[in-house]
Amino acid sequence: MPEPSPTPARRGRLLRFGAAVAVLFALAGYLAVQYLTGGAGAPRCRVVSGKGDDASYEFTPEQAVNAATISAVGTSRRLPERAVAIALATALQESNLRNIQHGDRDSLGLFQQRPSQGWGTTKQIMDPAYAAGVFYEHLAKVPDYTRLPLTVAAQRVQRSGFPQAYAKHEPDATLLAAALTGRAAATLTCEGRPGATPAGGPDSVRAALVRDFGHEVLQEAGADISGQGDSAPADASSSSPSAASGSAPASGSPSSTVSARTVTVPVRKDAAGTGVRGWELAHWAVANSSALHIERVSYAGREWTAGRREGEWLRSGAQGAPAAKEAASEVRIVTAQ
C-alpha cells in the first residue's frame, strides 16, 4: 500500500528546512572565501589625482596590467601623455580594458581591432603590446590629435558607430595616464594579492619589462637581477654574469634570498630631475603585482608592499616599512619567489 502524501504543513516545514540548509551552505562558502582572502573580497587597484582633489578610479588587476602595457608602449614611442590618455579611454570604451576574444563581427582585443580591416592577424591583435602599438601608429597620423577633443581623436582612429562614447571615459583615462606615465607620483596602488597564474620571479619581471617597454628598458636603464644594484655599474645587465643569468648570490642568508628575488632597475636621469621615469616604472610594477607575484616596490624613498591596507605608498623607514637604501636613481622590485 503506497505511503500517504505529506500534508501541506509538512511540505512547508520540509521546504523551510531545505531553504535553511541552503542558506547555511552559502554562508559557510562565503566565510571560507573571506578566510582564505583575508576578508578583502576581490582584489582591487586604485588611482587618485595628483592634484590633491577627490578624483579617483578603481579597477581590477587585469585592467591594471593592460593599462600599464598601453601606457608603456606609448611612452616608449616618445608619445605625449595626451596620446596615452586617448588610448586608455579608447580601450575603456571598447573592451573595458580587458583583452577579450570576441566583439562585433571579427573585432578582438583591447581596442576591438578587426583582422579583416587590416589591423593584423588574430594572434597579433590579441597581444596587448601589439594592439597598443598599432593604435598609436594610426593615432600619430591624425593631424594635431593632441589639440582635438579626446572623443574626436579616438574616433578618427576607431571609426566607431558610437563616436561620442569615448568622452565619458576621459576623466578616468586622464587619471590613469598621469600615474602610468610617471607624472603623478605615488598615485597608483594595488592590493597585490597574487593572481592564479604561475608567473613570477625575477625572470618573469624582466620578460614583462621587455614586453611592454622594449629591450631598451634593460639596455639603457641597465636592469640588474642579481640584487647588487647598490654598487653595480649602470650597464650591469650587459656586463655582469650574475645579472644576465639571474643567479642567486652564494650566501644562504635571508638578505641573500631577498636579493635573489630582486630586480633593480637604475633610472636614467631626466633634465628636470622630476623622477617621471622612475615613477613610471614603479607604477608599472605595482600594476603588475598580482600577475607577476610582486611583493614590494620601492623608489625615491617611498615603498609599496603587497597586502598592506589599501596598498598605500609609505615613506621608507616609516613604521612597518623597511628602510630603503635607494634614491631616485633606481626602482627596486622584490618578487615573492
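Of the 337 residues in this protein, 47% count as buried. The model you are looking at is predicted. It contains 14 helices and eight strands. Among contacts with a separation of 6 or more, 62% join residues that sit 24 or more positions apart.

Let's start with a few of the helices.

| Helix | Residues |
|---|---|
| H2 | 61-76 |
| H3 | 81-95 |
| H6 | 150-158 |
| H7 | 170-180 |
| H13 | 276-287 |

**Helix H2**

Helix H2 has 16 residues, and from its first C-alpha to its last it reaches 22 Å, close to the 22 Å expected at 1.5 Å a residue. Is H2 mostly covered or mostly open? It is mostly covered, with 14 of its 16 residues buried. Just after H2 comes Arg-78, which takes a positive phi of about 60°.

**Helices H3 and H6**

Two packed helices are described by the angle between their axes and the distance between the axes. For H3 and H6, the axes come within 10 Å and cross at roughly 70°. Angles of 65 to 115 degrees count as roughly perpendicular, so H3 is roughly perpendicular to H6. The crossing of this pair is right-handed.

Which residues meet here? On the H3 side they are Arg-82, Ala-85, Ile-86, Ala-89, Thr-90 and Glu-94, and on the H6 side Leu-150, Ala-153, Ala-154 and Gln-158. Sorted by class, this contact has six nonpolar, two polar and two charged residues. As you look along a helix, a general point helps: an α-helix has 3.6 residues a turn, so residues three or four places apart point the same way.

**Helix H7 and its surroundings**

Which residues of H7 are buried? They are Ala-173, Leu-175, Leu-176, Ala-177, Ala-178, Ala-179 and Leu-180. Their cover includes three strands, S1 (45-48), S2 (56-59) and S3 (188-190), together with helices H2, H3 and H13. So you meet H2 and H3 again here, as part of what covers the buried residues of H7. Just after H7, Gly-182 takes a positive phi of about 95°.

**A residue in H13**

Val-276 is found in helix H13. Why does Val-276 count as partly exposed? The reason is its relative accessibility of 29%, because partly exposed covers the range between under 20% (buried) and over 50% (exposed). Val-276 and Ala-179 are 97 residues apart along the chain, and their C-alpha atoms are separated by 9.5 Å. Leaving aside neighbours within four places in sequence, Val-276 is in contact with Thr-181, Gly-182, Arg-183 and Asp-270. One of these, Gly-182, is the residue with the positive phi just after H7.

How values were computed
Residues numbered from 1 in each chain as written. Predicted model: local features only at pLDDT ≥ 70, side-chain atom pairs only at ≥ 80, totals over all residues. Heavy atoms only, no water. Axes fitted to C-alpha atoms, helices over the stretch in contact; angles between N-to-C directions. Helix = DSSP H or I, 4+ residues; strand = E, 2+ residues; numbered from the N terminus. Parallel < 35°, antiparallel > 145°, perpendicular 65-115°, else oblique. Left-handed = near helix turned anticlockwise from the far one by under 90°. Contact = heavy atoms within 4.5 Å. Nonpolar A, V, L, I, M, F, W, Y, C, P; charged D, E, K, R; others polar. Expected span 1.5 Å × (residues − 1). Buried < 20%, exposed > 50% of the residue type's maximum accessible area, 1.4 Å probe, protein only.
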